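Please open the model in your viewer with the whole chain in cartoon representation, and keep the selection tool at hand. The stops below follow one another, each with something to select and something to look for.

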Amino acid sequence: MFAAERRQLILEMVRANGAVSLRELARVVQTSEVTVRRDVRALEAEGLLDRRHGGAVLPGGLTRESGFPQKSHLATAEKTAIADLAAGLVEEGEAIVVGAGTTTQELARRLARVPGLTVVTNSLLVAQALAHANRVEVVMTGGTLRGSNYALVGSGAEQSLQGLRVSRAFLSGSGLTAERGLSTSNMLSASVDRALVQAAAEVVVLADHTKLGSDTMFQTVPTDLITRLVTDEPPGHDDRAATELQALADQGVQIAVAGAGSGPAPAEPLPPGRQPRRDMPLPGQRRTRGGGPGGPGPQQLRSAAALAEQGQGQGDRARVADLRRR
């Protein structure tokens with residue numbers, strides 16, 4: 001295939017999907033990723049598309065956001081590896097929040113095997129992944145449905161998270177830099193993510209290497225509030241991603257890199273300044289319903305506001321139980 005034919009096909013794929021990974025482009029045009037990268041660079045110079053680490057998107061700058069169908073085809077292998085590693089951080093009986101995104105959806109699929117887990121989420125995709133997990137309790141926020149990423153946003157979602165206390169928040173986003181932290185291109189999504197962060201003692205960011213060094217319009221989690229980053233190994237030629245990883249580590253973010261043969265994420269002590277927020281009582285371990293030979297009881301779907309109301313009456317006991325375990 002001549003270069004002009006390749007580039008025309010690449011442009012048609014990007015226009016049809018909004019965003020396409022270099023790996024997928026190389027597979028379709030039957031050439032190497034190095035050649036595809038050169039073609040994408042040439043098309044960007046003509047203003048026909050924008051390059052992203054690991055892929056190409058329609059031109060439009062920071063205000064543009066790809067929908068779920070487009071995002072689901074970007075860095076799929078990397079997201080799977082990240083989800084496998086991040087699942088090792090979740091313990092039996094824990095209460096966590098999981099934000100919206102294709103990477104967090106992959107994580108949710110793996111959390112279905114964790115007994116006694118409570119997952120608070122504003123993502124319909126996360127809830128769907130856990131819908132048939134009898135050992136996991138799913139708590140949905142309220143809010144207005146945002147169809148592009150199947151997430152609940154707005155004041156209803158934010159208000160339902162008030163008073164909620166969980167051990168960890170697992171979040172994704174559109175970009176991650178050491179200077180600004182995690183960011184997204186939608187204001188409503190950013191606002192709900194900030195509310196999710198306020199409910200958690202620790203924040204775990206799931207971001208593949210294509211998002212490292214990218215900055216988008218709305219900050220969701222500043223770097224000093226990110227406890228851990230779970231990511232994949234940047235390609236050898238991706239100096240920007242490697243530099244960003246080092247900068248994040250220098251600011252105290254724990255880095256867990258997923259790759260071939262990766263086991264559970266290491267349970268390292270948190271560096272100074274990254275300890276769980278002590279103004280926030282951590283919930284105690286929850287017992288699996290119907291525990292014993294018969295196994296857990298059926299899953300229940302409740303609102304986040306109801307969970308928060310129940311937790312207020314048990315806050316002191318949960319805090320004492322947590323201190324004893326520590």
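## The whole chain

Of the 326 residues of the chain, 51% count as buried, and the model you are looking at is a predicted one. With everything still displayed, the secondary structure comes to twelve helices and 16 strands. Among the contacts in the chain with a separation of 6 or more, 69% are between residues 24 or more positions apart.

## The sheet β1-β3-β2

Select residues 19-21, 50-52 and 55-57, which are β1, β2 and β3. These three strands form an open sheet in the order β1-β3-β2, with antiparallel pairing. The edges are taken by β1 and β2, each of which has a single partner strand, so one side of each is left without a neighbour in the sheet. From one strand to the next the twist averages 25 degrees. Zoom in on β2 and β3, which pair in the antiparallel sense over three bridges, and you will find R52 standing opposite G55 in β3. Now add α2, which packs on this sheet and touches β1 and β3, its direction making about 75 degrees with that of β1.

## Helices α2 and α3

Keep α2 (residues 22-29) on screen and select α3 (residues 33-45) as well: the axes of the two helices come within 9 Å and cross at roughly 105 degrees. That crossing angle makes α2 roughly perpendicular to α3. To see the contact itself, show the side chains of L22, R23, L25, A26 and V29 on α2, together with E33, V36, R37 and V40 on α3. Sorted by class, this contact has six nonpolar and three charged residues, and no polar ones.

## Helix α6

Move on to residues 102-111, which form α6, a mostly covered helix in which nine of the ten residues are buried. Which residues of α6 are buried? They are T102, T103, T104, Q105, E106, L107, A108, R110 and L111.

## Strands β5 and β6

Next select residues 117-121, strand β5, along with β6; the two pair in the parallel sense over five bridges. If you label V119, its bridge partner in β6 is V138. Strand β6 (residues 136-140) is mostly covered, five of its five residues being buried. Turning the view around β6, you can see V136, V138 and M140 pointing one way and E137 and V139 the other way, and all of them are buried.

## The sheet β10-β11-β13

Three further strands form an open sheet in the order β10-β11-β13, again with antiparallel pairing. Select β10 (175-177) and β13 (218-221), which stand at the edges with a single partner strand each, so one side of each is left without a neighbour in the sheet. Neighbouring strands here are turned by 35 degrees against each other on average, direction ignored. Add β11 (residues 181-184), which pairs with β13 in the antiparallel sense over three bridges, and look for T184, whose bridge partner in β13 is F218. Helix α9 (residues 187-198) packs on the sheet, where it touches β11 and β13, and its direction makes about 20 degrees with that of β13.

## Last stop: N186

Finally, select N186, which lies in the loop between β11 and α9. Is N186 buried or exposed? Its relative accessibility is 16%, and N186 therefore counts as buried. Show the side chain of R146 too, since the side chain of N186 makes a polar contact with that side chain at 3.5 Å.

Notes
Residues numbered from 1 in each chain as written. Predicted model: local features only at pLDDT ≥ 70, side-chain atom pairs only at ≥ 80, totals over all residues. Heavy atoms only, no water. Axes fitted to C-alpha atoms, helices over the stretch in contact; angles between N-to-C directions. Helix = DSSP H or I, 4+ residues; strand = E, 2+ residues; numbered from the N terminus. Parallel < 35°, antiparallel > 145°, perpendicular 65-115°, else oblique. Contact = heavy atoms within 4.5 Å. Nonpolar A, V, L, I, M, F, W, Y, C, P; charged D, E, K, R; others polar. Buried < 20%, exposed > 50% of the residue type's maximum accessible area, 1.4 Å probe, protein only. Pairing = 2+ DSSP bridges. Polar contact = N/O pair within 3.5 Å; in protein donor to acceptor, adjacent residues only side chain to side chain.
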